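Work through the exercises below with the sequence and the model open. Try each task before reading its solution.

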Amino acid sequence: MGILRSVTVGVVGLIVTLTGTVVLSSGTPQGCGSTTVDAQKVAAAGEVAGYKGDQLVNASLIMNAATSAGLPTQAQVIGVMTAMGESSLRNLDHGDEGQGVTNPDGSPTQSVGLFQQQPWWGSLADRMDPTKAAGFFFARLAQLPGWETMQPTLAIHEIQGNADPYHYAPFFDPATKIVQTLGGLTPSGSCGSVSGNAQALALELVKSMDDGRLVGSVPDHMKEIRWIAEGKTVPDCGVDTRILQILVLVVREFQNVGVSDINRKCTGQIEGAGTASSHYKDGGGHAVDFYRLDGNGLTGADGQSLRVIALLDPVMPEGSHVGQSSCRAAAGVTVKLTHWTEFDDSCTHLHIDFGGSDAPLLAG
């Protein structure tokens with residue numbers, strides 16, 4: 001089955017609830033990585049969410065620091081909202097006095113800069129350099145386990161140690177607006193498009209395979225993609241164009257992607273739902289199983305799995321499915337999906353399929 005249509009992806013609204021707490025909220029830009037801000041866009045932005053001039057310049061420097069650190073748009077929002085809560089996006093040369101810490105002359109130290117960082121973060125010059133100060137912040141964010149699925153204000157609290165862990169919550173919406181505006185994103189958080197041509201998609205994926213970023217398992221289904229890239233039609237070894245589109249989106253989002261299953265009819269696998277599986281029926285290749293992302297094994301309820309679901313939620317058509325609902329239920333995680341539905345599956349991977357749907361991916 002080939003759905004020959006390109007699709008623009010915008011991530012706008014998956015809500016994930018973890019034991020009653022919203023951890024990925026509507027409007028959070030996710031997916032496709034973060035963008036480098038064009039200084040001309042900052043100059044032309046005027047006022048955004050009540051911030052302007054040097055405040056927006058500082059926001060752009062924070063965003064670019066996240067991009068340089070290889071972090072997604074979600075991190076840009078977290079960085080900007082942190083600086084809003086600490087300094088109103090102004091590079092202050094003064095702040096709160098450090099507790100029990102003094103300068104060499106005996107005078108009390110002060111927190112300074114966009115993030116109001118104390119001397120243990122770095123030299124005064126570095127803390128007053130917006131890019132370096134943001135780099136300090138993102139280095140710690142990247143090492144915070146599970147930051148992607150935490151409430152942003154709680155993730156920030158773990159790094160900044162503010163007395164009130166919810167101090168930063170009011171800045172989520174304005175930070176999101178600034179990141180969307182300065183990043184050149186549409187209000188839907190559009191982050192690019194993928195081709196509707198199967199061979200073009202396969203060629204992009206083959207490059208990722210050759211770079212070691214996309215890997216298979218046993219049996220290895222990567223050959224199915226290589227054949228498409230080479231223009232070959234191998235009986236019972238085709239891959240739904242929409243599966244190729246999903247693979248491209250996920251590979252663009254993560255540094256390393258592991259795929260365990262695509263077309264089981266091609267490899268002769270009779271497992272799981274057997275010949276009724278979307279991996280097998282109707283020629284096979286209408287499903288994909290991800291087993292590892294950025295070095296982490298997947299359960300369908302972990303942070304990386306939730307990022308994939310958030311990335312794909314706006315574009316999945318009616319009749320498509322995501323597995324591992326029982327795994328999320330056991331972990332206290334609830335996802336509210338826009339068009340597709342979920343079903344029970346084993347907690348060793350993340351399954352996505354197009355089931356009985358002939359519809360293309362939805363435009364973002």
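**Exercise 1.** How many of the 11 residues of helix H7 (residues 172-182) are buried?

*Solution.* Start with the ground rules. This is a predicted model, in which local features need pLDDT of at least 70, side-chain atom pairs count only at pLDDT 80 or more, and totals for chains, interfaces and linings use all residues. Residues are numbered from 1 along each chain as its sequence is written, and side-chain values use heavy atoms, with hydrogens and water left out.

Next, fix the terms. Buried means under 20% relative accessible area, exposed over 50%, and partly exposed in between (1.4 Å probe, protein chains only). Helices (H or I, at least four residues) and strands (E, at least two) are DSSP runs, numbered from the N terminus.

Now count. Eight residues of H7 are buried, which leaves the helix mostly covered. They are Phe172, Pro174, Ala175, Thr176, Ile178, Val179, Gln180 and Leu182. For the chain as a whole, buried residues make up 51% of 364.

**Exercise 2.** Place methionine 63 and list its contacts outside the local sequence.

*Solution.* Methionine 63 sits in helix H2 (residues 54-68). Its relative accessible area is 0%, so methionine 63 is buried. Contact means heavy atoms within 4.5 Å. Skip the neighbours within four places in sequence: methionine 63 then touches Val37, Gln76, Val80, Val179, Leu182 and Gly183. Two of these names, Val179 and Leu182, also appear among the buried residues of H7. Finish with a C-alpha distance: methionine 63 and threonine 73 are 10 residues apart along the chain and 8.1 Å apart in space.

**Exercise 3.** Which residues touch the most other members of the largest nonpolar core?

*Solution.* A nonpolar core is a set of buried Ala, Val, Leu, Ile, Met, Phe, Trp, Tyr and Cys residues joined through side-chain atoms within 4.5 Å. The largest has 45 residues, and Ile225, Phe290 and Ile352 touch the most other members. Elements that each supply at least two residues include helix H8 (198-210), helix H9 (222-229), helix H10 (241-253) and strand S11 (287-293). H10 gives the largest share, eight residues.

Then take isoleucine 225. Beyond its neighbours within four places in sequence, isoleucine 225 contacts Ala202, Leu205, Val206, Met209, Leu244, Leu247 and Ile262. A second, separate core has 39 residues, among them Tyr51, Met84, Leu144 and Leu182.

**Exercise 4.** Why is strand S10 described as largely enclosed, and which strands pair with S10?

*Solution.* Five of the five residues of S10 are buried, so the rest of the structure largely encloses this strand. For pairing, DSSP must find at least two bridges between two strands. Strand S9 (residues 214-215) pairs with S10 in the parallel sense over two bridges. There, valine 215 has glycine 258 of S10 as its bridge partner. S10 and S11 run antiparallel, joined by four bridges. Valine 257 stands opposite leucine 293 in S11.

**Exercise 5.** Which residues lie nearest the centre of the largest pocket?

*Solution.* A pocket is an open set of points on a 1 Å grid over the protein atoms alone, where a 1.4 Å probe fits, with protein on both sides within 12 Å along at least five of seven lines; lining residues have an atom within 4 Å of a point. Of the 22 lining residues, Gly70, Pro72, Glu148, Asp294 and Arg307 lie nearest the centre. H12 gives the most to this lining, three residues.
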